[in-house]
Amino acid sequence: MARLYIVPTPIGNLDDITLRAITVLREADFILAEDTRTTSFLLRHLGIENKLRSHHKFNEHATVHAVAESIAAGHCVALVSDAGTPGISDPGFLLVRTCIEQGIEVETLPGPTAVIPALVQSGFPCDRFCFEGFLPQKKGRSKHLQALADEERTMIFYESPYRVVRCLEQLAEVFGPERRVSVSRELTKKFEQTVRGTLAEVLGHFRTTEPKGEFVIVVAGRPKPGRRNGGPEVPEEPEDD
Ligand code: SAM
């Protein structure tokens with residue numbers, strides 16, 4: 001059936017591709033790829049031959065309507081990004097919105113993304129959370145952070161290794177050095193690591209150990225009265241008999 005499939009791809013470990021993603025990538029009429037070289041590598045690994053068309057943030061505005069027309073004409077199209085779920089800090093939103101506006105069926109496959117393992121791995125409450133993606137690099141960065149000062153939900157940020165230390169410094173300025181943080185790097189890869197502690201402690205770690213690889217920073221929400229920093233309610237002391 002003609003539709004747009006959103007297909008998540010591994011964020012490191014190639015075994016994380018789902019069986020359904022493989023089927024869709026094999027059977028789609030063509031695949032829209034953020035970087036055709038990266039996706040060619042994945043397809044070769046999976047033994048899939050299919051047509052690739054480039055779809056990235058620099059051409060999506062120019063091509064989105066032609067893609068929607070092609071699906072409306074009966075084609076099945078799969079959208080992938082370089083890693084993880086398209087639309088999550090990656091191109092995808094514009095095409096999905098356009099398809100929905102034009103009454104075109106969109107089907108999003110569940111699958112790899114960095115935000116969910118980093119959140120769950122943090123040990124902070126994940127019943128409610130707030131995904132912030134990449135902070136603005138320059139203009140509006142501190143205003144954006146200030147707006148989160150009273151956020152009670154666990155917050156998740158994507159950050160480049162070159163800005164991790166600066167980012168942790170800014171987070172400490174807004175949330176205070178005692179707020180708990182969990183920094184996950186290289187998720188699903190050989191050198192996967194999660195560093196947990198207060199912002200002051202984790203900042204100390206990355207000031208002495210050069211940040212390398214891909215990073216997700218998870219910050220505990222503002223502690224509520226009677227709740228511990230970065231955790232659920234503090235269990236009451238058992239009463240003596
Ligand atoms: N679409 C992707 C997803 O669903 O997570 C995100 C793409 S965004 C361009 C790339 C950012 O995601 C990286 O800078 C990093 O913050 C995060 N990321 C992606 N892969 C990661 C990994 N293996 N470990 C840690 N963070 C990762």
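This is a short talk on the packing around one helix, α7, and on one loop residue, I88, in a predicted model.

Local features need pLDDT of at least 70 and side-chain atom pairs count only at pLDDT 80 or more, while totals for chains, interfaces and linings use all residues. Residues are numbered from 1 along each chain as its sequence is written, and side-chain values use heavy atoms, with hydrogens and water left out.

I start with the core. A nonpolar core here is a set of buried Ala, Val, Leu, Ile, Met, Phe, Trp, Tyr and Cys residues joined through side-chain atoms within 4.5 Å. Buried is under 20% relative accessible area, exposed is over 50%, and partly exposed is in between, with a 1.4 Å probe and protein chains only. The largest such core has 23 residues, and F157, L168, L171 and I217 have the most contacts inside it. Its largest share, 7 residues, comes from α7. Helices (H or I, at least four residues) and strands (E, at least two) are DSSP runs, numbered from the N terminus.

Now α7 itself. Its buried residues, including V164, L168 and F175, pack against α6, β7, β8, α8 and β10. Contact means heavy atoms within 4.5 Å. Beyond four places in sequence, L171 touches L145, F157, G176, L199, I217 and V219. That G176 sits just after α7, with a positive phi of about 90 degrees.

Last, I88, in the loop between β4 and α4. Is I88 buried or partly exposed? I88 counts as partly exposed because its relative accessibility is 31%. Outside its neighbours within four places, I88 contacts T113, V115, F131 and Y158.
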